[in-house]
Amino acid sequence: MSLHHFFLEDQVIAQESEAEFPLRLSAEDLKHARVLRLAPGEHIAVVDAASDFFECELVSCSADGIIARIAAKLDAPERAQVVLVQGIAKGEKMDQVVRHATELGIAGIVPLSCERSIVKLDAKKAASRVQRWSAIAKSAAMQAGLTAVPEVSRPLSVREAAKMLSGATAVLVFWEEAPLSAKIAPALSSALAACDCLDAKDARIAVVVGPEGGLSAREVEQFQAACPRTYPVTLGPSILRTETAGIVAPALVLYELEGR
């Protein structure tokens with residue numbers, strides 16, 4: 001049975017001087033622990049503020065907090081760093097992408113403001129959305145038993161995102177106008193070879209998905225100009241919704257990388 005996962009934002013367990021110590025969970029996580037009806041003797045997985053991974057045994061659980069002891073220090077699995085650069089979608093679509101892409105194990109999410117984006121966010125709305133998406137990502141990471149929560153950046157323009165990704169191992173732009181011969185596997189192979197990246201786990205791959213209206217040719221060219229290892233690729237003959245592509249694309253890239 002998998003362990004319930006919790007993340008500590010401001011506590012480094014290695015700095016605890018006592019064998020039994022309080023876990024400084026956020027108010028929301030403490031509420032979640034009560035909902036789970038955790039009891040003394042049970043074990044949970046904890047990732048602390050230093051990104052160290054522990055299995056902890058619960059000593060006491062009350063409305064005031066949780067006391068625990070270290071049962072084991074665990075090794076976090078190594079995975080390639082895949083960042084989803086997602087055209088901002090309207091309504092709950094973006095929430096859905098953040099939730100399910102997090103469950104897959106992506107390393108980060110960059111909301112992308114595009115020429116054809118339906119959603120336009122001012123600074124106040126953007127900050128509120130990022131806060132919401134970050135909370136969704138944390139909840140999904142806990143549910144999926146992950147050892148890290150993907151960072152959700154502020155919304156970026158295509159120019160800003162392209163500049164940020166200039167040093168990526170590969171930028172895969174999932175574009176409905178890419179030829180059907182433009183497959184994921186050959187693009188990754190070319191990029192890894194160009195970077196002399198012998199181990200796919202050392203790769204940093206960006207997956208770019210456009211908004212409801214798709215990416216323009218000019219926007220694709222901006223990514224290509226910023227990083228020489230930018231590849232427009234296809235998800236097949238069907239035109240997928242942005243919220244579908246935002247989940248399918250990183251899933252396929254992670255699957256391909258983990259097979260290398």
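This briefing walks through the chain as a whole, then a few of its strands and some single residues. Keep in mind that you're looking at a predicted model. The chain is built from seven helices and 12 strands. Its radius of gyration is 20 Å, close to the 18 Å that the globule rule gives for 260 residues, so the chain is as compact as a globular protein of that length.

**The whole chain**

- If you boxed up the C-alpha atoms along the principal axes, you'd need roughly 60 × 40 × 30 Å.
- Out of the 260 residues, 45% count as buried.
- Now for contacts between residues at least 6 apart in sequence: 74% of these join residues at least 24 apart.
- The accessible surface adds up to about 13100 Å², and carbon and sulfur atoms account for 50% of it.
- On the charge side, there are 27 positive and 33 negative side chains. The centres of these two sets sit 8 Å apart.

**Strand β10, on the inside**

- Strand β10 covers residues 170-174, and five of its five residues are buried, so the strand is largely enclosed by the rest of the structure.
- Here's a handy rule: in a regular strand the side chains alternate between the two faces of the sheet.
- You can see two directions in β10: A170, L172 and F174 point one way, while V171 and V173 point the other way. Residues on both sides are buried.
- Which strand pairs with β10 in the parallel sense? That's β11 (residues 204-209), and five bridges link the two.
- Look for L172 in β10 if you want to find one match-up, since V207 in β11 stands opposite this residue.

**Strand β5 and its partners**

- β4 (53-62) and β5 (residues 65-74) run antiparallel and are joined by nine bridges.
- To get from β4 to β5, the chain makes a hairpin through two residues.
- β5 also pairs with strand β2 (residues 20-23), again in the antiparallel sense, over four bridges.
- R69 is a good residue to click on in β5: E20 has R69 as its bridge partner, and E57 stands opposite R69 as well.

**Residue I70**

- I70 belongs to β5.
- Is I70 buried, exposed or partly exposed? Its relative accessibility is 40%, so I70 counts as partly exposed, given that this class lies between the 20% and 50% cut-offs.
- I70 and E20 are 50 residues apart along the chain, yet 7.9 Å separates their C-alpha atoms.
- Leaving aside residues up to four places away in sequence, I70 touches I13, A19, F21, F54, E55 and C56.

**Two residues with positive phi**

- First, some background: most residues other than glycine have a negative phi.
- R37 isn't a glycine, but its phi is positive, near 55 degrees.
- You'll find R37 in the loop between α1 (27-36) and β3 (43-47). With a relative accessibility of 72%, R37 counts as exposed.
- S51 isn't a glycine either, and its phi is positive too, at about 65 degrees.
- Where is S51? Check the loop between β3 and β4. S51 has a relative accessible area of 56%, which makes this residue exposed.

Terms used
Residues are numbered from 1 along each chain as its sequence is written. This is a predicted model: local features need pLDDT of at least 70, side-chain atom pairs count only at pLDDT 80 or more; totals for chains, interfaces and linings use all residues. Side-chain values use heavy atoms; hydrogens and water are left out. The radius of gyration is taken over C-alpha atoms; the globule rule is 2.2 Å times the number of residues to the power 0.38. Buried means under 20% relative accessible area, exposed over 50%, partly exposed in between (1.4 Å probe, protein chains only). Contact means heavy atoms within 4.5 Å. Accessible areas come from the Shrake-Rupley method with a 1.4 Å probe; for residues, only the protein chains shown count as cover. Lys and Arg count as positive and Asp and Glu as negative; His and the chain ends are not counted. The place of a charge is taken as NZ of Lys, CZ of Arg, CG of Asp or CD of Glu. Two strands pair if DSSP finds at least two bridges between them.
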